[in-house]
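Here is a friendly note to read alongside the structure. Keep the 3D view open and look up each part as we come to it.

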Amino acid sequence: MLLPCSLHLSLSLCVCAGAPVCVSYVCLYRGKMAEKIADSWRYAHYFELQSEKDKKNIVVKCNLCVGGKLLSTAKNSTSNLKKHLSSKHPSTKLVGRPAEGMEDSGGALAAKQQRLSFSASSAVAKTVSASEIHKLVAGYVVEEMLPISTVESPSFRRIINKIPTTSKTGGAMPDRKTFANYLDKCYGDMEKELREQFDSLEYISTTADLRTANNKSFMGMTAHWIQPSTLKRGKAAIACRRVRGRHTYDVIAGEIEQIHMSYGLGGKVTATVTDNGSNFVKAFQVFHKTASDSEEEDEDRSDSVTFEDLNNVLSGSDGDANDMISLPPHHRCASHTLNLISTDIEKWLSSNSDTRAVYRSATAKCSALWTKASRSAVASETVEKFSRRKLLVPTSTRWNSFYEALCRITDITITDLQSLCTQLGMRCITDKEYHFVKEYCIVVKPLAMALDILQGEDNCFYGTTLPTLEALMTKTLDLKANLSRMTSGLPDAIKTRFASTLDSKEALLAAVTIPKFKLRWLRDDEAKKDAAKCMLAAECHAQGHPLPEELPPAPVSGGEDESNFFSFTDDKEDSNSVETEIADYLKSGVEIDTLNKFPTIKALFLRFNTPTPSSANRLSDKRFEHLLLLLELNFQF
């Protein structure tokens with residue numbers, strides 16, 4: 001810490017003259033006096049240090065007094081020196097020096113920090129319009145899922161009234177009914193934007209699911225698409241509609257049809273993804289009409305003439321209404337299908353004589369440990385001493401949770417795990433049970449990774465399904481040789497579930513048209529590669545729009561020279577043929593932007609990859625749907 005020049009000079013003279021200035025005093029001066037006088041007091045240069053009087057006081061000399069009057073002052077105070085200047089030198093114009101740290105490199109006084117003032121006279125507060133306040137409040141109510149009556153709360157209104165507005169009425173909020181109408185208008189604007197977005201798209205896919213909460217059932221639906229210009233996936237929640245009565249297949253089909261028609265999606269939906277529920281599966285089996293079905297109906301109508309009762313036709317029975325329902329193709333949720341494999345694994349472990357006993361005892365002890373740690377704070381702290389992390393508790397809604405919970409247990413060594421069980425007063429896990437759980441986690445790890453991949457949303461296309469399943473089977477079968485007798489049969493149980501999925505033509509074309517996969521995921525199976533190329537070429541020929549044949553040129557009147565007489569057409573190089581485009585595509589890079597160079601394959605990519613692999617996302621029913629959809633779409637108020 002630096003001292004003023006005069007104090008440095010005085011201190012130097014005293015040392016040169018042999019004055020008894022000790023080092024401890026200098027340090028004390030630097031610690032106390034320098035803080036109050038040298039650094040912070042503007043008039044410290046009018047005084048010079050002479051000696052230390054005692055532990056709390058020092059003696060200084062006034063340079064303004066004739067003969068240099070000695071003054072006593074505290075080490076941490078300048079009050080005596082201020083009184084001396086005001087009483088003995090009132091006529092002297094004192095020149096203050098800036099405190100240390102207040103000068104810039106050029107010696108000029110640094111600008112002082114401005115003091116904030118909140119008074120209306122000192123500053124003009126920024127005002128907002130009443131409509132902007134209403135938008136902000138609407139965004140707050142929707143994002144926090146608050147009741148509409150929030151706008152009538154006296155405390156909430158007092159907060160809003162403190163906001164300066166340009167309106168003469170201030171920031172007065174409308175009543176609940178008016179505000180509800182305002183939210184309905186916002187919802188209408190959102191629907192309009194969605195319809196405009198859907199009108200500009202050629203391919204759209206949807207997902208559907210049924211959920212029950214508080215004794216109410218809701219049909220939730222989302223829409224997914226790929227922007228043709230950027231090849232980025234878009235998504236939107238389009239329904240969370242109350243469903244009354246039994247969840248039969250015809251009720252589900254009617255709801256899906258109505259939601260599709262309300263957004264004008266008829267004919268644009270390439271597929272609807274649902275779980276493996278029997279009611280969903282039957283709905284699409286009954287109401288999805290293929291091209292062959294339509295041809296058969298046309299043939300039946302042409303062969304015979306039927307007579308109907310006019311009264312029944314005009315009454316419009318339910319049977320006739322069901323005949324009007326037409327659903328798009330159905331895709332089963334790949335994540336839900338993979339989750340069913342875990343059920344197959346549990347059944348296999350429970351029924352196999354080599355694993356039944358160890359599986360039941362190991363999972364029972366793990367369940368007891370999870371229960372103990374989740375319900376007792378002391379037990380949870382004891383667990384953290386051994387694992388330094390809390391145990392994960394499996395939940396039925398998270399498909400990977402059981403695997404992740406077992407992995408967290410196996411992260412603890414067998415010695416620490418047995419010591420933990422002993423301290424908690426539980427039965428210890430044996431070495432055989434611990435080894436079984438470790439092998440179970442090794443076998444199920446590829447399955448858990450596949451679930452995480454297929455549950456992706458932004459960068460996960462339908463074509464990801466087959467390569468993921470192919471890699472899962474390969475990795476699982478490779479583990480079989482290193483497994484013990486207890487778990488060696490698990491890979492076969494996993495492979496059985498995939499038999500029907502691998503035969504999907506749409507899934508194969510979707511995978512081939514993704515640059516990241518192409519034909520590489522088929523490995524060394526040349527027969528499958530050739531079959532995939534043939535299917536891709538056939539779809540490209542069907543997708544393409546050949547130009548009409550050119551008409552021969554009209555005869556030219558007048559004389560013709562020899563060059564016009566031999567007017568043979570040159571053979572056109574078919575560089576843009578389907579085969580050439582496919583060959584160039586298979587040699588291209590793995591970036592998704594590569595598709596922009598191959599328009600025909602890009603069109604197939606948009607067609608087959610629009611669906612997602614998985615379907616996994618007190619108010620009135622209609623109001624709840626509006627607020628939920630506004631929230632899901634992050635509607636900009």
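1. Let's begin with a helix pair. The axes of helix H21 (residues 526–543) and H24 come within 10 Å and cross at roughly 100°. Angles of 65 to 115 degrees count as roughly perpendicular, and H21 and H24 are therefore roughly perpendicular to each other. Please keep in mind throughout that this is a predicted model.

2. Which residues make this contact? From H21 come Leu536, Glu539, Cys540 and Gln543, while H24 brings Thr600, Ile601, Ala603, Leu604, Arg607 and Phe608. Sorted by character, the residues of the contact of H21 with H24 are six nonpolar, two polar and two charged.

3. H24 has another partner to look at. Helix H23 (residues 578–587) packs against helix H24 (residues 599–609) at an angle of about 75°, and their axes are 9 Å apart. That angle makes H23 roughly perpendicular to H24. On the H23 side you will find Glu581, Ile582 and Tyr585, which meet Pro599, Thr600 and Ile601 in H24. The residues of the contact of H23 with H24 divide into four nonpolar, one polar and one charged.

4. Stay with Tyr585 for a moment. Besides being one of the H23 residues that meet H24, Tyr585 has Lys518 lying over the face of its ring, at 5.2 Å from the ring centre.

5. Now for a contrasting geometry. How do H17 and H18 run relative to each other, roughly parallel or roughly antiparallel? The axes of helix H17 (residues 431–454) and helix H18 (residues 465–478) come within 9 Å and cross at roughly 170°. Angles over 145 degrees count as roughly antiparallel, and H17 and H18 are therefore roughly antiparallel to each other.

6. In this pair, H17 supplies Pro446, Leu447, Ala450, Ile453 and Leu454, and these meet Thr465, Thr468, Leu472, Lys475 and Thr476 in H18. The residues of the contact of H17 with H18 divide into six nonpolar, three polar and one charged.

7. Time to turn to the sheets. As a reminder, strands of a sheet pair through backbone hydrogen bonds, either parallel or antiparallel. One open sheet here has three strands in the order E1-E2-E3, with antiparallel pairing. E1 and strand E3 (70–74) stand at the edges with a single partner strand each, so one side of each has no neighbour in the sheet. From one strand to the next, the twist averages 40°.

8. Let's zoom in on the pairings of this sheet. Strand E1 (residues 47–52) and strand E2 (residues 57–62) pair in the antiparallel sense over five bridges, and a hairpin of four residues joins E1 to E2. To find the match between them, look at Leu49, whose bridge partner in E2 is Val60, and at Ser51, whose bridge partner in E2 is Val59. E2 and E3 also pair in the antiparallel sense, over five bridges, and Ile58 stands opposite Thr73 in E3. Helix H3 (residues 79–88) packs on the sheet, touching E1, E2 and E3, and the direction of H3 makes about 140° with that of E3.

9. The other sheet to visit is open too, with five strands in the order E6-E5-E4-E7-E8 and mixed pairing. Which strands are at its edges? They are strand E6 (233–243) and strand E8 (330–332), and each pairs on one side only. The twist averages 25° from one strand to the next.

10. For a parallel pairing within this sheet, look at strand E4 (residues 204–213) and strand E7 (residues 269–274), which pair in that sense over four bridges. Ile204 has Val269 in E7 as its bridge partner. Helix H6 (residues 176–199) packs on the sheet and touches E4, strand E5 (216–226) and E6. The direction of H6 makes about 125° with that of E6.

11. Last, some aromatic residues. How many aromatic pairs does the structure hold? There are eleven. Phe198, Trp225 and Tyr263 form one aromatic cluster. Tyr263 has a charged visitor as well: Arg195 lies over the face of the Tyr263 ring, at 5.6 Å from the ring centre.

Notes
Residues are numbered from 1 along each chain as its sequence is written. This is a predicted model: local features need pLDDT of at least 70, side-chain atom pairs count only at pLDDT 80 or more; totals for chains, interfaces and linings use all residues. Side-chain values use heavy atoms; hydrogens and water are left out. Two strands pair if DSSP finds at least two bridges between them. Helices (H or I, at least four residues) and strands (E, at least two) are DSSP runs, numbered from the N terminus. Axes are lines fitted to C-alpha atoms, for helices over the stretch in contact, and angles run from 0 to 180 degrees between N-to-C directions. Contact means heavy atoms within 4.5 Å. Angles under 35 degrees count as roughly parallel, over 145 as roughly antiparallel, 65 to 115 as roughly perpendicular and the rest as oblique. Ala, Val, Leu, Ile, Met, Phe, Trp, Tyr, Cys and Pro count as nonpolar, Asp, Glu, Lys and Arg as charged, and the others, Gly among them, as polar. Rings of Phe, Tyr and Trp (its six-membered ring) pair if their centres lie within 6.5 Å; planes under 30 degrees apart count as stacked, over 60 as edge-to-face and the rest as tilted. A charge sits over a ring if NZ of Lys or CZ of Arg is within 6 Å of the ring centre and within 35 degrees of the ring normal.
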